[in-house]
Amino acid sequence: MAAPQWIHPAIRAMRGYTPGEQPPAGQRIIKLNTNENPYPPPTEVLDAIRATVGDPLRRYPDPDASGVREAAARAYGLDPEQVVVGNGSDELITLFLRAAVAPGGMVVAPGPTYSLYATLVRIQGGYYREFPWKANGAVPVEALVEQDPSLIFIVRPNSPTGHACPLEDIDTLCSAVECPVVLDEAYADFAADSGLSLLPKHPNLVIIRTLSKGFSLAGLRVGLAFVQAEVATEIHKVRDSYNVDCLAQAGAEATLNQIEAFRPAITAVVNERSRLDRELRAEGFQVIASQANFLFARVPDGRGAAWYRGLKGRGILVRHFPEPEDLADGVRITVGTAEENTTLIQSLKSLMPEEGGGS
Ligand SMILES: *Cc1c(COP(=O)(O)O)cnc(C)c1O
């Protein structure tokens, strides 16, 4: 089907983003493909959302998401003026691009990384280039700076590799450029450390968090940006007045008021990550050491797509990236519950080619 001529040429020319498969609710499938948390959020959070189903829905939500910003500020040791709330962190990424990148502007990132960036930069009329992570997982600082970019993305821990680059690289990069350095910390809740302590030092540092991964609320669509207050004022100009609905605000505020209640689920995921890492290596997979809630595993015969299909045939969804080429020989596996991970390992064993035979 030909696209209508009235669609902007840049949009006609681009491919849309392909999100991970989302099977219909109720389908019996082990879903290890989009890095959701396998454990439910605490009942208090669900109660807060339920309590908002009723008269509050008749009215517009708080345009300033004040309750969420205050709770986030308390939880992370910031001022509420330093917090911007988004309809998922994906919206926040769009807002920072909108505010910082003029048509034709250059946006760079170490890659491979989160593939949504390329799409969002194109929509914004900018150009996007990735430069390879150094062999030790460090940021290619010189290569990024040389591009004189309008914005830099760094994902830490990175997806789909799971590795966390040195924090010193973020510090160096922020000092070397004037443009925003957007540190996407979608997986920081599973990591040993975070770039948050660098925020007072760097007015161009933007820290992005989400409730989708560590906090088991991917369906609620809430992201947080932590910046210096002067930056937040500008970002508020480019967002919808009511970008976070009242159910999401209620759930997010309850979440941020009791972060400790989420700790057991996060610890369970981190412990299972170690076990899965160990068992995958024992089966001959090459696993990248991960600080996130997933593992990138290169498969024994290098045929990532075949293993993805084999697992799908056994009711287990993982993520395979056909490109770039250096990801095609592996699969990204979200850490599930202990039971799900055991089933995964059993299925992988059953897919192993026979000794001496083909697969
Ligand atoms: C999952 C993910 C996001 C998106 O998070 P939402 O808050 O659900 O929009 C952003 N960045 C990275 C790197 C992610 O993996």
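How many aromatic pairs does the structure hold? There are eight aromatic pairs, and they make a handy way into this model, which is a predicted one.

Start with Tyr117 and Phe153. Their rings are stacked, with 3.8 Å from centre to centre and 0 degrees between the planes. Tyr117 belongs to helix α5 (residues 116-123) and Phe153 to strand β5 (residues 151-155), so this pair ties together parts that are 36 residues apart in sequence. Both Tyr117 and Phe153 are buried. The pair also has company: ring pairs link Tyr17, Tyr114, Tyr117 and Phe153 into a cluster.

Now swing over to Phe215 and Phe262 for another kind of geometry. Here the ring centres lie 5.0 Å apart and the planes meet at 85 degrees, so the pair counts as edge-to-face. Phe215 comes from the loop between β7 (205-210) and β8 (223-226), while Phe262 comes from the loop between α9 (246-256) and α10, so parts that are 47 residues apart in sequence are tied together by this pair. Phe215 is buried, and Phe262 is too.

Rings also turn up under charges. Arg122 lies over the face of Tyr127, 5.2 Å from the ring centre. Likewise, Arg332 has its charged end over the ring of Phe294, at 5.4 Å from the centre of that ring.

What about the nonpolar interior? In soluble globular proteins, nonpolar side chains tend to be buried together. In this model, the largest nonpolar core has 72 residues, and the members that touch the most others are Ile154, Phe226 and Leu280. Pick Phe226 and look at what surrounds it: setting aside neighbours within four places in sequence, Phe226 is in contact with residues including Ala72, Tyr76, Leu78 and Val83. Further along the chain, its contacts include Leu196, Leu199, Leu205, Val206 and Ile207. Gln82 and Arg209 are also among the contacts of Phe226. A second core, separate from that one, has 24 residues, among them Leu95, Leu116, Ile208 and Val227.

That leaves the charged pairs. The structure holds 18 salt bridges, and a few are worth a closer look.

Arg50 and Asp47 form a salt bridge with an N to O distance of 3.1 Å. Why can these two side chains reach each other? Arg50 and Asp47 sit three residues apart in helix α2 (residues 43-50), so about one helical turn separates them. Arg50 is exposed, at 53% relative accessible area, and Asp47 is partly exposed at 42%.

A similar arrangement shows up in helix α10 (residues 263-282), where Arg281 and Asp277 are four residues apart, which means they are separated by about one helical turn. Their side chains meet in a salt bridge at 2.8 Å, N to O. Which of the two partners is buried, and which is partly exposed? Asp277 counts as buried, at 15% relative accessibility, because the cut-off for buried is under 20%. Arg281, at 40% relative accessible area, is partly exposed.

Finally, Asp301 pairs with Arg303 in a salt bridge whose closest N and O atoms are 3.8 Å apart. Asp301 is partly exposed at 30% relative accessibility, and Arg303 is partly exposed at 41%. Salt bridges can also share partners, as they do where Glu272, Arg275 and Glu279 are joined into one network.

Technical notes:
Residues are numbered from 1 along each chain as its sequence is written. This is a predicted model: local features need pLDDT of at least 70, side-chain atom pairs count only at pLDDT 80 or more; totals for chains, interfaces and linings use all residues. Side-chain values use heavy atoms; hydrogens and water are left out. A nonpolar core is a set of buried Ala, Val, Leu, Ile, Met, Phe, Trp, Tyr and Cys residues joined through side-chain atoms within 4.5 Å. Buried means under 20% relative accessible area, exposed over 50%, partly exposed in between (1.4 Å probe, protein chains only). Contact means heavy atoms within 4.5 Å. A salt bridge is a side-chain nitrogen of Lys or Arg within 4 Å of a carboxyl oxygen of Asp or Glu. Helices (H or I, at least four residues) and strands (E, at least two) are DSSP runs, numbered from the N terminus. Rings of Phe, Tyr and Trp (its six-membered ring) pair if their centres lie within 6.5 Å; planes under 30 degrees apart count as stacked, over 60 as edge-to-face and the rest as tilted. A charge sits over a ring if NZ of Lys or CZ of Arg is within 6 Å of the ring centre and within 35 degrees of the ring normal.
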